[in-house]
Amino acid sequence: MFPRPGRDVGFPVAGCALLFAVFLAGGLIYESFQGRAAERLVTVMLIDAIIVLGIQIYVGNTGVLSFGHIGFGAIAGYAFAVFAISPEEKLKRIPDAPFGLNDVLLNPALAVAVAIGVTVLVALVVGIGLARSGAESGAVAATVITLALLFVTHEVARNWPDLTGGNRAGLTFKVGAALDSRLPIYLCLLGALIVARLFAQSRSGKLAVAAREDNLAARAMGVNPLVQQTAALLISVAVVSVGSSLRVYENGSILPDDFFFNYTLLTLAMLIVGGRNSVTGALVGVAVMTIGRELARRLGQDGFEVFGLGLDAAPLDWIFRENLQTVFLGLAMLGFMIFRSEGLLGDWELDSWLWRLWHRRKPETQPEPLAEVAPVGLHAEVPHEGAALEAGDIVVDFGGFRALDGAGLSVAPDEVVGLIGPNGAGKTTLVNVITGMVEPAEGWFRLGERELTAAPSHEIARAGLLRTFQNLRLFDALTVRQNVELAGRVAARHRPGRHPQADALIGEAGLWDVRDRRARELDYGSARRLELARAAAMAPTYLLLDEPTSGMSDAESNEMIRRIRHMAAAVDAGVLVIDHDLNFITGISDRIYVLDQGQVISVGTPDEVQADPAVRAAYLGAESDTQT
Amino acid sequence: MTELAQNLIDGLGRGSIYALLALGVAVVFGVMHLLNFAHGELITVGGYVALWTLGAGWSWYIVTPLIVLSAVLTSLAIERVAFSRVRGSSDFTLLLTSFGVHFVISAIFLLYVSASVKPFDRPSWVTNTYSVGPLNIEVYDTVVIVVTVLTLIGTTLLLQRTMFGLSLRAAAADFDTARLMGVRSDTVIRGAFALSGLLAGIAGVFWLMRAGSISPSAGITPMLKGVLAALIGGLGSLRGAVIGGLVLGLAEVLLRSRLPDSIASLTEGVVFLLIALLFIFRPQGLVTVKHAVRV
């Protein structure tokens, strides 16, 4: 099923070609009106576009704001310059270059390759720190590290004159040796577009977006965000390196300030104005901001006139007009963040739009409607050799509060087990322990022979324990179908065997009519069912459902019971379901564990548990008292 | 030994200023989850107030409270104009909003006074030193350390003993719960910005006394130091911010005097590298703050 050549490769590539053509045509038309003066502007815009697209790959797909990409650009720019500038020129600027770099000369294409290599290597090291701090303290810490990177590169460039030519001189190509043809820029821009778009459509890109939307939910379904974010970073940095090398080559020189705060502001403003989550948006942002900045510049010089509408600069004589460009950039960034933070286009993509337009004509056939017999394609066969889920002696302390005090349970394959207890009994904490989200102070749990006590969340999910959340964690910006398909992709990689088809699951969950809606637009009941379908798409060995009917009416609850049993049987999964509603739990479970104050106080069939005096005392205490 | 003692004193002086900056950053982060990249602009504004008032012949004794006041007012103003509109937004939006505020403020100065660096008179005692045994101690460092200690004591009293302080700490621990318990979000957020401005103002006075000049981009360095120090200490921890500031200051001074000459000019780079290593091995910063995510 993945990748689908037309949807995931063909259309995006065609869309990129179209975008490139329109973007370039716009530039060339402007040039033909304005003459040679505009040539440089268009060239610079094309190169900016490459760099902005490179930043988009990371920032857009991971949702982590990076100030550091221009720092990576500086590394690439210097690496390119050192290798591409002739030894005679280098002798003038950096006669004492370290590592014998003075005598090295590569042709520009090879120098770009070296620049990419060096920069990606640095990015790999930085990426580890980014990923680790991001996982621990959230995206904010990662952002500060990128900011620090920008300052380090600038500081090193200024203070290592033997390599960089320092703050004043910099590195310069021989007169006439700089880039004088636009062809390489065209090719690189087209390439950057395609790389950015294909990455977004790739497995890595989609999983990175899942982690962007909800890091915890992504891990709970087997995604390791660190891997996807690092992949995004490396590809992103490679594209930025190409753009930065071109920027140096076209400019004919490089100084520390060329790749610093102001350029970071410019490229980030371009990215967010157009819409950071979209490749099309990034390109639109580059165009809009280039035009806006040019107008601000001309207003700063002597006013301008466009289509008869003119602005005279004379009233502005009392300020330093040449700085209007910076004001414009700052205001654009602030304004968009306050009033339209998703940018002009949000996550609108040209090729996705064309795809929908193209396919509107042939409606899809609905899979077998919901019936007593499960629709074709729902059944899963992932070998699990009758592995039981067992946990025991689990102790969890939150500060001074002991949430679990030696609790344990076991669930057999194909069994539906209920876990019930009053609020605060430790039900959710137990599931959190079993899914690797809370580290127990003591205790163990395993799936069949496999010990999972110390495993990270994503490995537990890959082993076959899939959960839903009490407070609903869907990938809000993705459609119903994308939510389910994403789980299918993870399953295809990490759970060998036959998996349920996404469409069949969507039908089974009663979501077929809303399959192209975004998850955030769903009503509450549908969102609950989608979360169930998403977990089932992983062909789990066990489904762990945390209050799947909370907030539902009795009729809805009964319907949900039927669906859970049906779906679990179809994908051949055991079920552990948590609730505090006794009616619901007795209605769905084969066996019930009763938890109170962190300990299991009773186990048995629904009838046995209901008859157990300890349960009546602890759980139904108040009720039975009033009855007697 | 003497050299080490000398380094420690110099480092404490420098670290004290960083600590004040970091504490201001941490206070705002606590109530809004906003890492304020515009924090340094409070010093920029104070710098132009100093430039114009000193230029008019006023003495530092009058100018000092004016700098602090201008920082507080600017802090409140940017909360009202920008940050109040993005409360509760994603980290991404908050970060870029503060980045935008940073650029707009420095751009306003660019428009009015151009990018040039303008000097002003420093107080005469800034460069004076006195000797204690073999040590040469700057009057400036002494004043900085004393004032910082007093400020920290005052801030601690404010946070521990007043209703506002209690609300602020409660909000920093868990904003939603604090609101449910009756903490008024407007009051506590504005209070946090005022306190943040006050701390930046005091740090700014010292920063400007040492610099003796001002330019529209002067806020970048203090912002970076404050933000980094807050991060080193562990974002969200007020105590951590102070520790982070002192650690950063000491690290800079010690490295600059200990590194071989050939790379001494790269001190800042080395410091950043150490910070990066810190985050690889201890990603939560020096002082741990548990961010419990309810699932």
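A:Asp414 counts as partly exposed because 13 C-beta neighbours lie inside 10 Å. On this scale, a residue is buried with 20 or more other C-beta atoms within 10 Å of its own, exposed with 12 or fewer, and partly exposed in between, with C-beta atoms placed from the backbone. This is a predicted model, in which local features need pLDDT of at least 70 and side-chain atom pairs count only at pLDDT 80 or more, while totals for chains, interfaces and linings use all residues. Residues are numbered from 1 along each chain as its sequence is written, and chains are lettered from A and ligands numbered from 1 in the order in which they are written.

A:Asp414 has company in A:Gln597, which is also partly exposed. Neither A:Asp414 nor A:Gln597 is a glycine, yet here are their positive phi values:

| Residue | Phi | Loop in chain A |
|---|---|---|
| A:Asp414 | about 65° | between strand S6 (401–411) and strand S7 (416–420) |
| A:Gln597 | near 45° | between strand S13 (591–596) and strand S14 (599–604) |

Strands (E, at least two residues) and helices (H or I, at least four) are DSSP runs, numbered from the N terminus.

Now for the domains. Chain A is divided into domain 1 (5–259) and domain 2 (389–627), with bounds from an automatic or database domain assignment. Their C-alpha centres lie 45 Å apart. How many residues of domain 1 of chain A are in contact with domain 2 of chain A? There are 13, and they meet 20 residues of domain 2; contact means C-beta atoms, placed from the backbone, within 7 Å. Helix H9 (203–213) and helix H10 (215–220) each supply at least two residues of the domain 1 side.

Note on methods. Two residues are in contact if their C-beta atoms, placed from the backbone, lie within 7 Å.
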